[in-house]
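Here is a guided walk through one protein model. Keep the sequence and the coordinates open as you read.

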Amino acid sequence: MSTTYGPPAFQWSHLWKPAIVNPVNLKSYTIPFFNLRDPYSRSFHLSWLGFFVAFLSWFAFPPLIPEAIKSDLKLTNAQVANSNVIALSATLLVRLVTGPLVDSYGPRKVMAALLILGAIPSGLAGTAHNATSLYILRFFIGILGGTFVPCQAWTSAFFDKNCVGTANAIVGGWGNMGGGATFAIMVSVYEGLRHLGLTEHVAWRVSFAAVPAPILIFVAVLTLIFGQDHPAGKWSQRHNTQATQLAVKQGHEIHYGSDEVPQAPSSDDDDDDLEKKKKGEVSVNVVSEPDSTIVKSTVDIAVNEPLTMKTALMIISSPLTWLPSLAYITTFGFELALDAKMADILYTLYNRRVDGFSMVTAGYYTSIFGFLNLVTRPFGGYVGDVVYRYWGTPGKKWWTLICGLIMGASSIAGGFYLANHTGSELPDLAVVMGVFSVAAIFSELGNGANFALVPHCNAFNNGVMSGIVGASGNIGGIIFTLIFRFQPASGKAWWIMGVICVAINAVLVVIPVPTY
């Protein structure tokens, strides 16, 4: 058993040793990446894996639309744009509903349920035969975008404030990497089926049945078998911690669910827990330290609670709700628009003017932006944790907004470059990729920074907050996609998006945040 005061200094051995746990809230000070026997490690990996595989169906249409689906279903550009908006709208609604469900039933069960529900329309994707049926299928497949909410809430429940930004950003970034992987995987599967002799009409339909549907079911089963609801055990046991006792002493009213039995942990219970830990039944080391050195803010003692009308009104009226939400409209909204539109834009620009530039080429170029999430989003959250040590929560806020401002400026620059290279003057592919890579990098850094900030905002309803902020990202994606819908000149669309992003992030500077 390890004894220390405060979060331990980083050691490489923390990556494979059992989690070192805060005894007040049972959250881990460390992220045991490689210790899959540890429930903290398993929950960490299952959270990003569930979000990752959701993309295999959620984002499977855009890479196949330019050449295969669009021609097979005889879609117009307007119908393609409408289908993108419908898919984002579905995810927006699901994320808003998913937040309260996570607070009530826990992230593990909600994650598995969303994957199973999303697998059904994924398996039926090949039945699309016109624009209307495509709209319906993409709407229900949009359910999978809701997996982001349990993904973030799960790690927020398991990791303490010294590393929650890094944990949230890694699982969000690795999960978002599914967007890039989907472009490469679906295009490769489609091309492979074509080489086997399948027609265009059949190949894209078989691609959906062969890849997304079975993988979604498989990961859902893994989540139910190997995941854990909460550091305290079952989700109904999450209030059996010292954190809840301290919250009650500070005057917070606890709203117990119908399946919860309030049980204050006694010293005997603590001794029993330690004996279990020593025997290896729970793979953690416990840190013993005075409460006064641990509890500095609400986030230290907050435990997810079911949403009530009173708390809903408090959340809606709080500026702390709208700070990360509006910022996420810009950063994640931009990323969604980039993933949805860039392949089509590159294909339109270079297909007939650059030898060998096909749908596959455009898909591979676009996948670069998604694969950047392997590094960028985790790094954004890591920087958020670092600045927190020196400047507290205000440091996280400023880092989030700076990322949004740089992203917006880059989008403006890229938009004007494309607008000034039209007609016979072909924009240089290297410049286009370079400028929009900068925009994508700061978009993804900002996404990671944002969810380092979210746990400090309305901490007793982290599931609801994750849902609201996640849904806000989809609102941004819808807004930016509609800009492309009604502004055919892609260059102008990009710089309009950039102006919106800069304006929103500049306005958010005035919203205050708690010190810790």
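The text below goes from the whole chain to helix pairs and then to single residues.

The model is predicted, not experimental in origin. Start with the inventory: the protein has 19 helices and two strands. Its 516 residues are 59% buried. The protein exposes about 19700 Å². Carbon and sulfur atoms supply 66% of that area. Now look at the contacts between residues at least 6 apart in sequence. Of these, 79% join residues at least 24 apart.

Next come the helix pairs. Begin with α16, which spans residues 376-419, and α17, which spans residues 429-453. Their axes lie 6 Å apart, and the packing angle is about 150°. Angles over 145 degrees count as roughly antiparallel. The two helices α16 and α17 are therefore roughly antiparallel to each other. Their crossing is left-handed. What classes of residue make up the contact of α16 with α17? There are 21 nonpolar residues, 15 polar ones and four charged ones.

Helix α17 also packs against α14. Here the angle is about 155° and the axes are 9 Å apart. The same cut-off of 145 degrees applies, so α14 and α17 are roughly antiparallel to each other. In this pair α14 passes α17 in a left-handed crossing. The contact of α14 with α17 comprises 18 nonpolar, five polar and two charged residues.

Stay with α14, which covers residues 319-350, and turn to α18, which covers residues 462-486. The angle between α14 and α18 is about 45°, with axes 6 Å apart. How is α14 oriented relative to α18? An angle of about 45° makes α14 oblique to α18. The reason is the set of cut-offs: roughly parallel needs an angle under 35 degrees, and roughly perpendicular needs 65 to 115. The crossing of α14 over α18 is right-handed. By class, their contact holds 15 nonpolar residues, ten polar residues and one charged residue.

Now to single residues. Asn84 sits in helix α3, residues 77-105. Is Asn84 buried or exposed? Its relative accessible area is 6%, so Asn84 is buried. The cut-off for buried is under 20%. Which residues does Asn84 contact, leaving aside neighbours within four places in sequence? They are Arg138, Ala340, Lys341 and Thr481. Ala340 and Lys341 carry numbers that fall within α14, residues 319-350. Thr481 has a number that falls within α18, residues 462-486. Asn84 of α3 thus has contacts in both members of the oblique pair.

Move to Leu49, in helix α1, residues 39-58. Its relative accessibility is 23%, so Leu49 counts as partly exposed. Not counting residues up to four places away in sequence, Leu49 touches Val219 and Leu222. Leu49 can also be placed against Gly172. These two are 123 residues apart in sequence, yet their C-alpha atoms are 9.7 Å apart in space.

Val202 offers another such pairing. This residue lies in helix α8, residues 200-210. Val202 has 34% relative accessibility and therefore counts as partly exposed. Val202 and Gly126 are separated by 76 residues in sequence. From C-alpha to C-alpha, Val202 and Gly126 are 8.3 Å apart.

Finally, check the backbone in two loops. Leu26 is in the loop between β1, residues 19-21, and α1. What is notable about phi of Leu26? Phi of Leu26 is near 65°, a positive value in a residue other than glycine. At 23% relative accessibility, Leu26 counts as partly exposed, because the cut-offs for buried and exposed are under 20% and over 50%.

Lys74 belongs to the loop between α2, residues 61-72, and α3. Phi of Lys74 is also positive, near 55°, and Lys74 is likewise a residue other than glycine. How accessible is Lys74? Its relative accessibility is 68%, so Lys74 counts as exposed.

Definitions and conventions: Residues are numbered from 1 along each chain as its sequence is written. This is a predicted model: local features need pLDDT of at least 70, side-chain atom pairs count only at pLDDT 80 or more; totals for chains, interfaces and linings use all residues. Side-chain values use heavy atoms; hydrogens and water are left out. Axes are lines fitted to C-alpha atoms, for helices over the stretch in contact, and angles run from 0 to 180 degrees between N-to-C directions. Helices (H or I, at least four residues) and strands (E, at least two) are DSSP runs, numbered from the N terminus. A crossing is left-handed if the near helix is turned anticlockwise from the far one by less than a right angle, and right-handed if clockwise. Ala, Val, Leu, Ile, Met, Phe, Trp, Tyr, Cys and Pro count as nonpolar, Asp, Glu, Lys and Arg as charged, and the others, Gly among them, as polar. Buried means under 20% relative accessible area, exposed over 50%, partly exposed in between (1.4 Å probe, protein chains only). Contact means heavy atoms within 4.5 Å. Accessible areas come from the Shrake-Rupley method with a 1.4 Å probe; for residues, only the protein chains shown count as cover.
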